[in-house]
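Biologist: Could you take me through the salt bridges of this protein, one pair at a time? I would like a close look at where the partners sit and how exposed they are.

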Amino acid sequence: MKALLHVGRPNIGNRERFLQRVNEILDRRWLSNNGPVVQEFEKRVAETLGVKHALAMCNATAAIEIACRALGLKGEVILPSYTFVATAHALHWQEITPVFCDMDPATHNIDPTKIERLITPKTTGIVGVHVWGRGCDTEAIQEIAARRNLKVMYDASHGFGCSKAGRMIGTFGECEVFSFHATKFINCLEGGVVATNNDELAYQMRMMTNFGFTDFDKVEYLGINGKMNEISAAMGMTNLEAIDEIITVNRQNYEAYKAGLANVPGVSVIDYDPAERNNYQYVVIEVDPEVCPRNRDEIVEALHAQNIIARKYFWPGCHRMEPYRSLQPNAGLLLPETERVSAKVIVLPTGQAVDVETVQRVCHLIRTHSKNR
Ligand code: T4K
């Protein structure tokens, strides 16, 4: 296989329609600051999720920062270590101490049974992450939060178009943050959205996203520039129009990986609950070191040698990345599942840039390279 095959190759909807939108934007000479395409994108996202407010922002990391400031999170906040480091960084950047909770190996999500032991008098909230788009145990998290008087928000970066217990991700907690980064299955080049049904929170976040302005010459909040620009929104609109096609391709690739890796000893593809809505944007395998003759790193190296850029997300966990590794050197003692599972995971290429035939070739390579030397 010659051409590079990456995890995270962007999906791109109707190119003509995107370019047409870009031309309209240029003709209009309205490029940012709550322009008409951003407004259209927000409306469309809110409709898709069934929420009152969808606030478009420049990326999910800034959106998490704005959301946790608007929510008044401070002190300590509990989140999983098994997430992209942006979740922890956004909190830490806001001078909140991220307190890492272990994951449930069955779901890769925060294990709610391990949350309560981490609560201290400084704890103000919980940030769940719907890893791979598989919804957290929102019911258990809500129950703990209500009893312990904590606020809950979700990093739903992976969860656009997915449901949990039949309810759309985007409707849980005080608010949920989606990423529309280039690598996400619906992308705005760069982009994020905060979804909420809370009118007051939405108002505050909207002001904060635009320097705190409430009117011409009138600033009422400490704000920042978190705005989405019109070209990003045009990309988002165009890709949203292709959402069904993209999910179909993702699902076909996922099924092909499932079939192609079905009988490989020690290699399993994580499941998506067919009773839920799934976007299938991540194909994730676990390599069991007790069963598979080759370890995870050897398989990743073999794939890279064939120009297939598989990834080890989210190894080794945020707690083993700086600055957390230095600030909380013993955090790993409470995170045995994060340490164990993150060492087994490989994320494989999918999306529109990958077809079923290519998936079969990747499976063949994994099958070959996972055997004894
Ligand atoms: N929370 C969670 C749970 C997240 O997963 C993320 C982002 C965030 C928060 C933060 O959202 P944003 O603030 O970004 O909206 C990539 C993405 O940059 C990151 O957005 C994403 N998660 C994460 C899972 O993946 P890296 O460090 O792996 O990026 P990089 O440069 O290695 O690119 C990933 C792959 O995508 C490469 O194989 C190349 C390919 N790629 C990338 C881009 C940008 C392309 O083929 N074309 C492209 O245009 O983080």
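Modeller: Happy to! Helices here are DSSP runs of H or I with at least four residues, numbered from the N terminus. With that in hand, start in helix α12 (residues 356–369): arginine 361 and glutamate 357 are 4 residues apart there, so about one helical turn separates them. Their side chains form a salt bridge, 3.9 Å from N to O; since the cut-off is 4 Å, the pair counts. Arginine 361 is partly exposed, at 39% relative accessible area, while glutamate 357 is exposed, at 53%.

Elsewhere, salt bridges with shared partners connect Glu116, Glu143, Arg147 and Arg148 in one network. One of the pairs is glutamate 116 with arginine 148, at 3.0 Å from N to O. This pair links distant parts of the chain, 32 residues apart: glutamate 116 belongs to the loop between β4 and β5, and arginine 148 to helix α5 (residues 138–148). Both are partly exposed, with glutamate 116 at 28% and arginine 148 at 36%.

Next, aspartate 102 pairs with lysine 114, the closest N and O atoms lying 3.1 Å apart. Both residues sit in the loop between β4 and β5 (123–129), so the bridge ties together parts 12 residues apart in sequence. Here aspartate 102 is buried, at 1% relative accessibility, and lysine 114 is buried too, at 18%.

Keep in mind that this is a predicted model. Over the whole structure the search finds 19 salt bridges, yet 0 of them cross the interface of domain 1 and domain 2. What that interface does have is 23 residue pairs in polar contact.

How values were computed
Residues numbered from 1 in each chain as written. Predicted model: local features only at pLDDT ≥ 70, side-chain atom pairs only at ≥ 80, totals over all residues. Heavy atoms only, no water. Polar contact = N/O pair within 3.5 Å; in protein donor to acceptor, adjacent residues only side chain to side chain. Helix = DSSP H or I, 4+ residues; strand = E, 2+ residues; numbered from the N terminus. Buried < 20%, exposed > 50% of the residue type's maximum accessible area, 1.4 Å probe, protein only.
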